[in-house]
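Please work through the exercises below with the sequence and the coordinates at hand, attempting each task before reading its solution.

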Amino acid sequence: MKEAVSIEGLGYTYPDGTKALKDIKLDIYEGESLGVIGPNGAGKSTLLLHLNGILNSNGAIRIFDLKVNKDNLMQIRRNVGLVFQDPDDQLFMPTVFDDVAFGPLNLDFSKAKVKELVDLALREVGMQLFPERISHHLSFGEKKKISIATVLSMQPKILALDEPTSNLDPKSRRDLINLLRSLSLTKIIASHDLKMIQDLCQRTIILDNGRIVAIGKTKDILQDETLLKKHSLEIF
Ligand SMILES: Nc1ncnc2c1ncn2[C@@H]1O[C@H](COP(=O)(O)OP(=O)(O)OP(=O)(O)O)[C@@H](O)[C@H]1O
Ligand SMILES: [Mg+2]
């Protein structure tokens, strides 16, 4: 199996001295879906922010054969689509269309191709009626769906999703799970929605206090009540 993401010796300390990641070693294989679970403050979002170079990993991460560093950020971001935990961090253009078109426009596609990619991405998240809406007027769940579309429109090889189901109504959540299942790319999904992780991810890691404390098949991890409890998790 080929590695899509390869992480070795990754640590990260925020400027205020908070040690958010400690000595992370992790391989994620092409085509797999990996769940990332753990208590609040465990480092899940911090880990995802490293995958497309938003936080600097000092060469500790490779995406396919490319080291993540500031010289190849453009190429890394073409490959890795990151959906932030907070959609207000993702949406910054006046309209939904502009937000979803932003990535493909930067890749210098023709206008017609950009429109096609935007239409497809909005359809995939069930928001095809929203292109003219003002992004910052949308509800939280609607913003979440548009955030996912802004990344799908780039057609990345790797999708990193931070709490993709938070604030979605049950039907939207189910539609999103079905959409994610239908996409055959590599997925890394950080979430407290363990049922969604169970539905989508073959393997899961538990992060706690900046360290990977467990890694294995999702069903084995989620069946281990003692392990879950020890890390402030609980199965449904
Ligand atoms: N910008 C920042 N500056 C300083 N510390 C930060 C910053 N962002 C996060 N942290 C700290 O880093 C640690 C990891 O935070 P992170 O957001 O990665 O956790 P998380 O596992 O995603 O939590 P949650 O489940 O609440 O989303 C926490 O102790 C947090 O307080
Ligand atoms: Mg988080």
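The exercises that follow concern a predicted model, and each task is paired with a worked solution.

**Exercise 1.** Determine how helix 3 and helix 4 are oriented to each other, and which residues make the contact.

*Solution.* Begin with the axes: those of helix 3 (residues 96-106) and helix 4 come within 9 Å and cross at roughly 120°. Angles of 65 to 115 degrees count as roughly perpendicular and those over 145 as roughly antiparallel, and helix 3 and helix 4 are therefore oblique to each other. The crossing of this pair is right-handed. Next, list the contact: helix 3 contributes Val96, Phe97, Val100, Ala101, Pro104 and Leu105, while helix 4 contributes Val114, Lys115, Leu117, Val118, Ala121 and Leu122. Sorted by class, these residues comprise eleven nonpolar, no polar and one charged.

**Exercise 2.** Carry out the analysis for helix 4 and helix 5.

*Solution.* Helix 4 (residues 111-124) packs against helix 5 (residues 140-152) at an angle of about 140°, and their axes lie 8 Å apart. Because only angles over 145 degrees count as roughly antiparallel, this pair is again described as oblique, and its crossing is right-handed. On helix 4 the contact is made by Ala121, Leu122 and Glu124, and on helix 5 by Ile146, Ala149 and Leu152; five of these residues are nonpolar, none is polar and one is charged.

**Exercise 3.** Describe the surroundings of Ser191 and decide whether this residue is buried or exposed.

*Solution.* First locate Ser191, which is found in the loop between strand 8 (186-190) and helix 7 (194-200). Its relative accessible area is 1%, and since buried means under 20%, Ser191 is buried. Then examine its partners: a polar atom of the Ser191 side chain lies 2.8 Å from the backbone nitrogen of Asp193, and, leaving aside residues up to four places away in sequence, Ser191 touches Val36, Ile37, Glu163, Thr165, Met196 and Ile197.

Note on methods: Residues are numbered from 1 along each chain as its sequence is written. Chains are lettered from A and ligands numbered from 1 in the order in which they are written. This is a predicted model: local features need pLDDT of at least 70, side-chain atom pairs count only at pLDDT 80 or more; totals for chains, interfaces and linings use all residues. Side-chain values use heavy atoms; hydrogens and water are left out. Helices (H or I, at least four residues) and strands (E, at least two) are DSSP runs, numbered from the N terminus. Buried means under 20% relative accessible area, exposed over 50%, partly exposed in between (1.4 Å probe, protein chains only). A polar contact is a pair of N or O atoms within 3.5 Å; within protein, one must be able to donate a hydrogen and the other to accept it, and residues adjacent in sequence count only if both atoms are side-chain atoms. Contact means heavy atoms within 4.5 Å. Axes are lines fitted to C-alpha atoms, for helices over the stretch in contact, and angles run from 0 to 180 degrees between N-to-C directions. Angles under 35 degrees count as roughly parallel, over 145 as roughly antiparallel, 65 to 115 as roughly perpendicular and the rest as oblique. A crossing is left-handed if the near helix is turned anticlockwise from the far one by less than a right angle, and right-handed if clockwise. Ala, Val, Leu, Ile, Met, Phe, Trp, Tyr, Cys and Pro count as nonpolar, Asp, Glu, Lys and Arg as charged, and the others, Gly among them, as polar.
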